[in-house]
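Colleague: Could we go through this model together, taking one point at a time and giving the reasoning before each answer?

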Amino acid sequence: MESTKSSRDATAQNLERMEARLQQLEQRRSDLQESLDGSDEPIRELEATLNSRLEQRVAIENEMGEARKQVEEIEQRMRSLEQARADAERRAGEIRETLQQHRMQAQEIRVRRETLEEQLAEGGHEAGPLLEGLPEDAGAEAWSEHVAQLTRRIERLGPVNLAAIDEYDEQVQRKEYLDNQHADVTQALETLENAIARIDRETRSRFKATFEAVNQKLQALFPRLFGGGQAHLEMTGDDLLSTGVSIMARPPGKRVANIHLLSGGEKALTAVALVFAFFELNPAPFCMLDEVDAPLDDANVGRYCELVREMSERVQFIFITHNKQTMELTYQLHGVTMREAGVSRMVAVDVDEATELAEA
């Protein structure tokens, strides 16, 4: 009961506070309502003023648009007038320049006429009779050029040379000798050009035949070394005398690619296939292979050794290798050992003799 009484008292106090707060809010609402009731008139006045100002602004903007159009028209007319003025000044300048040139030509003609009159007076001649005696097609430039030609010919003649006939005979003999030499050189040059053309034809023919033969051998040996795939040679140019050769290889499971895109082992096997193709075409007494099998795995080494065993019937092979599978292929083993520090010794083993000793 005491607890309930305390709760009731607290609730009564809260109720009193809420009623006081409610009265304050009611008073605040009344004040705000009065303020709102009295503020409608100023808003209507401001709206009327705003509408009037907006109408004035629209009218002013229309006037400004018309004024801008007038200004643009005036500027366009000014530009047109300025362009016309520039064209007129340019034409006036051209006319002044032409007039100046005509004045200079007239002055030059006047000076030339006075000079000619003085020359005629000095020679005792008159212009009228001389003009009547000239042909109709006569011209000052043509006569001046003719006089200049005659002057140059006279200057080239020089003084009379009494030994000219003997010199002429000597030069004739020299010309005959040089003509003979020229004929000999021309004939030799023609012979040389024919020889070069014949050599070029033979070179093209031999190169094409050799290229096709090596290409066929490479196409046959490549699948044997790789266990499949394809390879062929391609010319990089049309001229057989200057073209290069590219190796296009496609190991099993790969796309056709240039040899530069292959791995180290694939490059080694491709190179071995090309070398063996050359040996099939033109075999040598022996072939030296320096660690060719180093980048190869066991499967590739087996195919490589099988092909070497087959070719060893026609070619003597010399290996430098560390691969045991390749060593089993040999008949003679030569190695270098170092039992003592800084002292190397050669060791040679005959495989057949060693096998006989092991069996015994």
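The exchange below moves from the overall form of the chain to one helix, its salt bridges and a surface patch.

Colleague: How many helices and strands does the chain have, and is it compact or spread out?

Modeller: This is a predicted model, and its chain has nine helices and seven strands. The globule rule gives 21 Å for 360 residues, whereas the radius of gyration is 58 Å, well over that figure, so the chain is more spread out than a compact globule. Along the principal axes, the C-alpha trace spans about 150 × 140 × 45 Å. The answer is therefore nine helices and seven strands, in a chain that is spread out.

Colleague: What share of the residues counts as buried?

Modeller: The chain exposes about 29,200 Å², of which carbon and sulfur atoms supply 54%. Residues count as buried when their relative accessible area is under 20%. Of the 360 residues, the share that counts as buried is 14%.

Colleague: Why does the span of helix H6 agree with its number of residues?

Modeller: Helix H6 covers residues 264–281, which is 18 residues, and at 1.5 Å a residue these should span 26 Å. The end C-alpha atoms of H6 agree with that expectation because the distance between them is 26 Å.

Colleague: Which elements do the buried residues of H6 pack against?

Modeller: The buried residues of H6 include Leu269, Val272, Leu274, Phe276 and Phe279, and Glu266 is also among them. Their packing partners comprise both helices and strands. They are helix H5 (164–226), strand E1 (230–235), strand E2 (245–250), strand E4 (286–290), helix H7 (298–311) and strand E5 (316–320).

Colleague: Which residue of helix H6 forms a salt bridge with Arg314?

Modeller: Arg314 lies in the loop between H7 and E5, and its partner in helix H6 is 34 residues apart from it, so that the pair links distant parts of the chain. The closest approach in this salt bridge is 2.6 Å, N to O. Arg314 is partly exposed, with a relative accessible area of 46%, and its partner also counts as partly exposed, at 26%. That partner is Glu280.

Colleague: Where do Arg85 and Glu82 lie, and which residues are linked with them in a network of salt bridges?

Modeller: Arg85 and Glu82 form a salt bridge whose closest N and O atoms are 2.1 Å apart. Both residues lie in helix H2 (residues 40–123), three residues apart, about one turn of the helix. Arg85 counts as partly exposed at 41% relative accessibility, as does Glu82 at 42%. The residue linked with them in the network is Glu89.

Colleague: What is the N to O distance in the salt bridge of Glu145 and Arg152, and how many salt bridges does the structure hold?

Modeller: Glu145 is partly exposed, with a relative accessible area of 41%, and Arg152 counts as partly exposed at 39%. Their side chains meet at 3.6 Å, N to O, within the 4 Å that a salt bridge requires. The number of salt bridges in the structure is ten.

Colleague: Which residues form the nonpolar patch on the surface?

Modeller: Strands E4 and E5 each give two or more residues to the nonpolar patch, which has about 370 Å² of accessible area. One member, Ile318, is in strand E5 and is partly exposed, with a relative accessible area of 34%. The patch is formed by Phe286, Met288, Ile318 and Ile320.

Conventions:
Residues numbered from 1 in each chain as written. Predicted model: local features only at pLDDT ≥ 70, side-chain atom pairs only at ≥ 80, totals over all residues. Heavy atoms only, no water. Helix = DSSP H or I, 4+ residues; strand = E, 2+ residues; numbered from the N terminus. Expected span 1.5 Å × (residues − 1). Buried < 20%, exposed > 50% of the residue type's maximum accessible area, 1.4 Å probe, protein only. Contact = heavy atoms within 4.5 Å. Patch = residues over 30% accessible without salt bridge, like charges linked within 9 Å, V, L, I, M, F, W, Y side chains within 5 Å. Areas by Shrake-Rupley, 256 points an atom, 1.4 Å probe, with all protein chains shown as cover. Rg over C-alpha atoms; globule rule 2.2 N^0.38 Å.
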